Amino acid sequence: MSAQERREVLHNMAKGMFVDTSICTGCKACQVACKEWNGLEAEPDHFTQGPGMPYPVATNFTGNSYDNTGKLSARDWRHVLFIEQINYRRTGSRWLFMSDSCKHCSDAACLNVCPVEAIERTDLGNVIVRQDKCVGTKLCNKACPYGVVRYSEKTRTSHKCTLCNDRIHNGFGTACAKACPTGSITFGEVPDLKAKADARLARLRALGENKANIYGYSEAGGLKVFYLLIENPAVFGLPEKPVVQQRRKLSSLGTSLTTLLAGMVALVKLRERRMLKESDHKDAGTET
């Protein structure tokens with residue numbers, strides 16, 4: 001098999017998701033399913049437990065409709081946007097919804113800039129952060145044009161959606177797509193999803209949705225998670241021309257220094273993790 005044929009086979013095997021925002025109802029079932037399957041805790045910044053309170057209470061009221069998640073984080077890998085559109089006379093309005101997550105870019109900036117190769121692309125095309133290799137440089141956080149990758153103070157590493165890496169490598173679809181009650185999120189092979197997206201776009205335009213468009217066919221080398229929008233991408237907070245950082249070409253000396261620095265950072269992180277574990281063990285012993 002030639003290199004070109006191998007690339008075509010891998011392209012046809014690539015898994016992804018098609019998100020049709022025109023039928024999203026903002027129910028947030030996808031957010032709940034994502035947290036449950038991946039064992040993601042609540043975002044600490046969203047809750048406060050004051051003196052005398054028996055349990056934490058929500059304090060993250062953004063004032064942006066019913067969107068109190070606000071943004072993606074190390075613990076929120078999926079975020080349903082609520083966008084209210086009201087005309088200037090306030091005689092008409094509509095809500096737009098979009099279930100957002102990592103796009104699993106074909107040209108992934110996070111992967112490009114990671115100095116320790118902790119971010120990898122699997123054989124199914126999804127991009128994952130290897131927690132055992134991540135040293136928390138935060139370079140991926142800054143490089144991602146979509147603000148997806150986020151650093152956790154608890155683990156001292158970066159996190160993001162994995163496209164349910166464990167599920168899809170065992171023949172299952174993503175948890176969010178499984179939970180979506182309207183079929184707004186569809187999991188499958190990318191070529192099949194594009195055919196479905198093209199057919200849906202043609203139907204919407206025939207019904208008069210002239211602003212309907214597909215986002216993700218060309219952006220960042222092509223997104224494995226792409227969207228059908230009924231407004232311009234900017235309305236949904238998506239950059240129309242995302243800038244993708246590339247791996248810098250370094251001299252052999254520069255490469256050696258980068259490797260040495262990454263190794264030193266890794267050792268410091270490893271020592272910090274061991275100290276935290278020892279502290280936890282001591283605390284547990286004190287409690288008993």
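Start by selecting helix 2, residues 29-38, where Cys30, Gln31, Ala33 and Cys34 are buried. Look down the axis of helix 2: these residues lie on the same side of the helix, because they cover an arc of only 165° around the axis. The model on screen is a predicted one.

Keep those buried residues selected and show what surrounds them. They pack against strand 4 (79-86), strand 5 (93-100), helix 6 (175-179) and strand 10 (185-189). Then step off the end of the helix to glycine 39, which follows helix 2 and has a positive phi, near 60°.

**The hairpin**

Select strand 4 and strand 5 next. In which sense do these two strands pair, and over how many bridges? The pairing is antiparallel, with eight bridges. One place to check the register is histidine 79, whose bridge partner in strand 5 is aspartate 100. The two strands form a hairpin with six residues between them. In that turn, pick arginine 90, which has a positive phi of about 60°.

Stay on aspartate 100 and display its side chain. Aspartate 100 makes a salt bridge with lysine 103, with 2.9 Å between the closest N and O atoms. Are the two partners buried or exposed? Aspartate 100 is buried, at a relative accessible area of 10%. Lysine 103 is buried as well, at 2%.

**The four-stranded sheet**

Return to strand 10, met earlier as a packing partner of helix 2. Strand 10 belongs to an open sheet of four strands in the order 10-1-12-11, with mixed pairing. Strand 10 and strand 11 (213-215) are the edge strands, each pairing on one side only. On average, neighbouring strands of this sheet are turned by 20° against each other, direction ignored.

Now add strand 1, residues 15-20. Strand 1 and strand 10 run antiparallel and are joined by five bridges. For a landmark, select methionine 17, which stands opposite phenylalanine 187 in strand 10.

Which helix packs on this sheet? Helix 7 (residues 190-206) does, touching strand 1, strand 10, strand 11 and strand 12 (225-229). The direction of helix 7 makes about 140° with that of strand 10.

**The nonpolar core**

Select Ile119 and Tyr146. The largest nonpolar core has 63 residues, and these two touch the most other members. Expand the selection around tyrosine 146, leaving aside neighbours within four places in sequence. The contacts are Lys103, Cys105, Tyr215, Glu219, Leu223, Leu238, Pro239 and Pro242. Lysine 103 is thus both a contact of tyrosine 146 and the salt-bridge partner of aspartate 100.

From Ile119, move to cysteine 114. Cysteine 114 sits in the loop between helix 3 (109-113) and strand 6 (119-121). Cysteine 114 is buried, with a relative accessible area of 9%. With neighbours within four places in sequence left aside, its contacts are Ile119 and Arg247. Draw a C-alpha to C-alpha distance from cysteine 114 to valine 135: it reads 9.7 Å, for residues 21 apart in sequence.

**More salt bridges**

How many salt bridges are there? The count comes to twelve. Aspartate 100 with lysine 103 has been visited; further stops follow.

Select arginine 130 and glutamate 120, whose side chains meet in a salt bridge at 3.0 Å, N to O. This pair links distant parts of the chain, ten residues apart: arginine 130 is in the loop between strand 7 (127-129) and helix 4 (139-143), and glutamate 120 is in strand 6. Arginine 130 is partly exposed, at 28% relative accessible area, and glutamate 120 is also partly exposed, at 26%.

Select lysine 211 and glutamate 231 next. Their closest N and O atoms are 3.4 Å apart in a salt bridge. Here too the pair links distant parts of the chain, 20 residues apart. Lysine 211 is in the loop between helix 7 and strand 11, while glutamate 231 is in the loop between strand 12 and helix 8 (252-287). Lysine 211 is partly exposed, at 46%, whereas glutamate 231 counts as buried, at 8%.

For the last stop, select Glu41, Glu43, Arg75 and Lys154 together. These four residues are linked in a network of salt bridges.

Notes: Residues are numbered from 1 along each chain as its sequence is written. This is a predicted model: local features need pLDDT of at least 70, side-chain atom pairs count only at pLDDT 80 or more; totals for chains, interfaces and linings use all residues. Side-chain values use heavy atoms; hydrogens and water are left out. Buried means under 20% relative accessible area, exposed over 50%, partly exposed in between (1.4 Å probe, protein chains only). The arc is that of the directions from the helix axis to the C-beta atoms. Contact means heavy atoms within 4.5 Å. Two strands pair if DSSP finds at least two bridges between them. Axes are lines fitted to C-alpha atoms, for helices over the stretch in contact, and angles run from 0 to 180 degrees between N-to-C directions. A nonpolar core is a set of buried Ala, Val, Leu, Ile, Met, Phe, Trp, Tyr and Cys residues joined through side-chain atoms within 4.5 Å.
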